[in-house]
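Visitor: Hi, could you walk me through this one?
Guide: Happy to, have a look first.

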Amino acid sequence: MRLLDQPRDSRDGPGAGRLLAPRLGDGARMDPYGVIVGKRDLRTYTDQPIPSGTLLRILNAARRSGSSRNRQPWEFVVVTDREERARLAHCGRFAAHLATAAAVVVILIESPRDQFDAGRCAQTLMLAAWSQGIASCPVTLHHDVRAREVLGVAAGPVIATAIALGYPHPRGRGPIERMALGILTGRGRKPLADLVHWNRYGNRRAPAASA
Ligand SMILES: Cc1cc2nc3c(=O)[nH]c(=O)nc-3n(C[C@H](O)[C@H](O)[C@H](O)COP(=O)(O)O)c2cc1C
């Protein structure tokens with residue numbers, strides 16, 4: 001089926017089955033497009049720690065992200081300590097999964113105007129993790145004062161987001177996550193044809209060469 005003819009993607013509905021990050025065999029290479037379109041935000045992880053080399057590979061990919069004027073306005077606080085993660089889990093309204101993640105990467109930016117760059121960096125980081133078989137889910141730390149205290153971040157850098165990382169649980173999403181997703185994402189993904197305008201806003205007819 002052509003991409004533009006595809007209906008709403010309902011794989012994400014509450015009844016979705018097991019969702020596992022890709023597993024890499026020794027020396028195997030992932031298809032990059034498959035990594036990108038197959039990436040899911042998962043919040044239920046195993047207890048398996050992430051090897052430090054793998055964590056550094058993921059952070060290195062994030063470091064390589066593009067940014068406005070190449071300012072690279074980010075820094076990372078990598079929280080692996082169990083107690084610190086448990087404290088972070090109380091810094092956001094939906095942040096409970098930070099306690100059960102293998103690691104949390106908090107992205108700091110220089111100013112609120114850097115949020116677009118933070119988004120680019122966060123997605124790079126999460127896709128790099130997914131390519132290594134590691135799931136992730138970003139979360140807002142709503143309680144900024146508390147989060148700064150936990151992280152030891154004094155006034156200055158802005159906390160953009162926190163990203164939980166962990167190996168996906170073999171049983172898939174946990175019950176709380178499934179319930180939340182029923183509300184948040186039962187709607188699945190919008191079809192491409194609803195999103196694309198060709199040459200001019202409102203023109204939905206794809207030029208023959210693009211069809
Ligand atoms: C309870 C809950 C809280 C979430 N909070 C955030 C958030 O604060 N920021 C964010 O970018 N994504 C958050 N997400 C993830 C998005 O909702 C996610 O991108 C969306 O559900 C699509 O997920 P999928 O790629 O697995 O289909 C949250 C997800 C859940 C289940």
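Visitor: What should the 17 residues of α4 span at 1.5 Å a residue, and how far apart are its end C-alpha atoms?
Guide: The 17 residues of α4 should span 24 Å at 1.5 Å a residue, and the end C-alpha atoms are 24 Å apart, which agrees. The expected span is 1.5 Å times one less than the number of residues. Helices here are DSSP runs of H or I with at least four residues, strands are E runs of at least two, and both are numbered from the N terminus.

Visitor: Any ground rules for the model?
Guide: This is a predicted model, where local features need pLDDT of at least 70, side-chain atom pairs count only at pLDDT 80 or more, and totals for chains, interfaces and linings use all residues. Residues are numbered from 1 along each chain as its sequence is written.

Visitor: Back to α4, which of its residues are buried?
Guide: Among them are Asp117, Cys121, Leu125, Met126 and Trp130. Buried needs 20 or more other C-beta atoms within 10 Å of a residue's own, with C-beta atoms placed from the backbone.

Visitor: And what do the buried residues of α4 pack against?
Guide: They pack against α1 (32-38), α2, β1, β2, β3 and β4. Contact is counted when C-beta atoms, placed from the backbone, lie within 7 Å.

Visitor: How do the axes of α2 and α4 cross?
Guide: They come within 8 Å and cross at roughly 145°. Axes are lines fitted to C-alpha atoms, for helices over the stretch in contact, with angles from 0 to 180 degrees between N-to-C directions. The contact is made by Arg57, Ile58, Ala61 and Ala62 of α2 and Cys121, Thr124, Leu125, Ala128 and Ala129 of α4.

Visitor: New topic: what order do the strands of the open sheet have?
Guide: The order is β1-β2-β4-β3, with antiparallel pairing among the four strands. The edge strands, β1 (74-79) and β3 (135-139), each pair on one side only. Strands pair if DSSP finds at least two bridges between them; β3 and β4 (residues 158-166) have five.

Visitor: Who stands opposite Ser136?
Guide: That's Leu165 in β4.

Visitor: Which residues touch the most other members of the largest nonpolar core?
Guide: Leu88, Val104, Leu125 and Leu165 do, out of 43 residues. The largest share, eight residues, comes from α4. A nonpolar core is a set of buried Ala, Val, Leu, Ile, Met, Phe, Trp, Tyr and Cys residues joined through C-beta atoms within 7 Å.

Definitions and conventions: A residue is buried if 20 or more other C-beta atoms lie within 10 Å of its own, exposed if 12 or fewer, and partly exposed in between; C-beta atoms are placed from the backbone. Two residues are in contact if their C-beta atoms, placed from the backbone, lie within 7 Å.
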